[in-house]
Amino acid sequence: MHIVVLPGDGIGPEITAATSGVLRTASERFQLDLRLEEHAVGHASLEQFGATVRPGLLDIVRGADGLILGPTATFDFKDEARGEINPSRYFRKNLDLYANIRPARTYGGGRFGAFDLVVVRENTEGFYADRNMEEGHGELRVTPDVVVSLRRITRTCCERIAHAACRLAMKRQKHLTIVHKANVLKMGDGMFLDICREVARGYPALEVDDVLVDAMMAHAVRNPARFDVIVATNMFGDILSDLTAELSGSLGLGGSLNVGDGHAMAQAAHGSAPDIAGRDVANPASLILSTALLLAWHGERSGEIRYETAARAIEQAVARAIAEGQATPDIGGRLGTIAMGAAVAGMLRSE
Ligand code: NAD
């Protein structure tokens, strides 16, 4: 399996190094024959090539079996004409990675009780104005004091994310929750809700309910165990999944996979965390768990069971490392980023 690795900014290089170590161990242990090919992205690429994503990189990624994108300093990238492209948006859009799968589970206890859920977030439209237009930008400055930001919701994108969520729920506890704001965004979220319900009727074994996004914040904190698979439009899913990751113990546990019909990109749910960058304290579990999702995706697609076996083993090794306190300070441990990666790799070796 050929994987392109883009370390990114801030804590990106640290958590990517820890993740690559785990992947190399998994490759030996499960004969995965992984080939990791590293390229610059974000500030490092801007300095070297004059663009945060250099020309030609997309073709390299298209030719690979998977992509690992470390977090990037997207807030810094404001002017595409100066090469300041948002790498996350760029790959999601160009590879049509329409489903963002964001699991959140507790590892022993948890302040909000034990839970295991997945947020399935639409990834290509919604309130993300920078990816809504064929040409031009979906944010307009009407006067110096007035800005209009466009939100796009389409039947096709609602249908495909609904199917992705239903398929996933069928493999889990068969419970789908649709999160929306159809009481206010009557047309956009109204269509999203109707389509999700309509698609879910094609999966009669599913239990389906829906919750308004604002109330969802209270329900998620009060009783996260009541949820299994949650489907949401882009921005609501983005916000909700940061909450569920933090409820599970830390944003540093937030793994995520961006999936389309032909490609997949592992990417931590969080950002480049400049407040802790370069200090060897960032939790690498988010990116390690994301790459486990990537291996499982590749295994399912190629029919090669060893990739799915390796993915399960990595998840178990992360769980064991956390249970034994071999973890970073955000979840109560004393290890650094690299040492936690090494601990996970060690557990993989000894399983
Ligand atoms: P952030 O997600 O980077 O950090 C939020 C908080 O969570 C911080 O306190 C941080 O220290 C903590 N945190 C994040 N990851 C952690 C980890 N692995 N281990 C332990 N703690 C962790 O959000 P921010 O600070 O608002 O954003 C920083 C930059 O990241 C901005 O430029 C933003 O635009 C960008 N961003 C990028 C992505 C992406 O690349 N996918 C996603 C979100 C934000």
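**Exercise 1. Find which residues of α7 and α8 meet, and say how the two helices lie.**

Let's start with the residues in this predicted model. On the α7 side you'll find Val-213, Met-216, Met-217, Ala-220 and Val-221, and they meet Phe-236, Leu-240, Leu-243 and Leu-247 of α8. Now sort them by type: the contact has 9 nonpolar residues, no polar and no charged.

Next, the geometry. Two packed helices are described by the angle between their axes and the distance between the axes. For α7 and α8 (residues 234–247), the axes come within 10 Å and cross at roughly 10°. Angles under 35 degrees count as roughly parallel, so α7 is roughly parallel to α8.

**Exercise 2. Do the same for α10 and α11.**

Step one is the axes: those of α10 (residues 305–323) and α11 (residues 337–350) come within 9 Å, with a crossing of roughly 120°. That angle makes the pair oblique. As for handedness, the crossing is right-handed.

Step two is the contact. From α10, Ala-313, Ile-314, Ala-317, Val-318, Arg-320, Ala-321 and Ile-322 take part, and they meet Met-340, Val-344, Met-347, Leu-348 and Ser-350 of α11. Sorted by type, that's 10 nonpolar, 1 polar and 1 charged.

**Exercise 3. Work out the strand order of the sheet and find its edges.**

Walk across the sheet strand by strand. The order is β2-β1-β3-β12-β11-β4-β5-β10-β8-β9, which makes an open sheet of 10 strands with mixed pairing. At the edges stand β2 (35–38) and β9 (207–212); each has a single partner strand, so one side of each has no neighbour in the sheet. From one strand to the next, the twist averages 25°.

Now zoom in on one pair. β3 (residues 66–69) and β12 (residues 264–266) run in the parallel sense and pair over 2 bridges. Pick Leu-67, and its bridge partner in β12 is Met-265.

**Exercise 4. Which strands does α7 lie across?**

Look for the helix at residues 213–222: α7 lies across β8 (175–180), β9 and β10 (229–232). Against β9, α7 runs at about 110°.

**Exercise 5. Split the chain into domains and describe how they touch.**

First, the bounds. The domain assignment gives domain 1 as 1–99 + 250–351, and domain 2 as 111–247. Domain 1 is therefore written as two stretches of the chain.

Then the spacing: the C-alpha centres of the two domains lie 24 Å apart. Finally, the contact: 14 residues of domain 1 touch 15 residues of domain 2.

Key: Residues numbered from 1 in each chain as written. Predicted model: local features only at pLDDT ≥ 70, side-chain atom pairs only at ≥ 80, totals over all residues. Heavy atoms only, no water. Pairing = 2+ DSSP bridges. Helix = DSSP H or I, 4+ residues; strand = E, 2+ residues; numbered from the N terminus. Axes fitted to C-alpha atoms, helices over the stretch in contact; angles between N-to-C directions. Contact = heavy atoms within 4.5 Å. Parallel < 35°, antiparallel > 145°, perpendicular 65-115°, else oblique. Left-handed = near helix turned anticlockwise from the far one by under 90°. Nonpolar A, V, L, I, M, F, W, Y, C, P; charged D, E, K, R; others polar.
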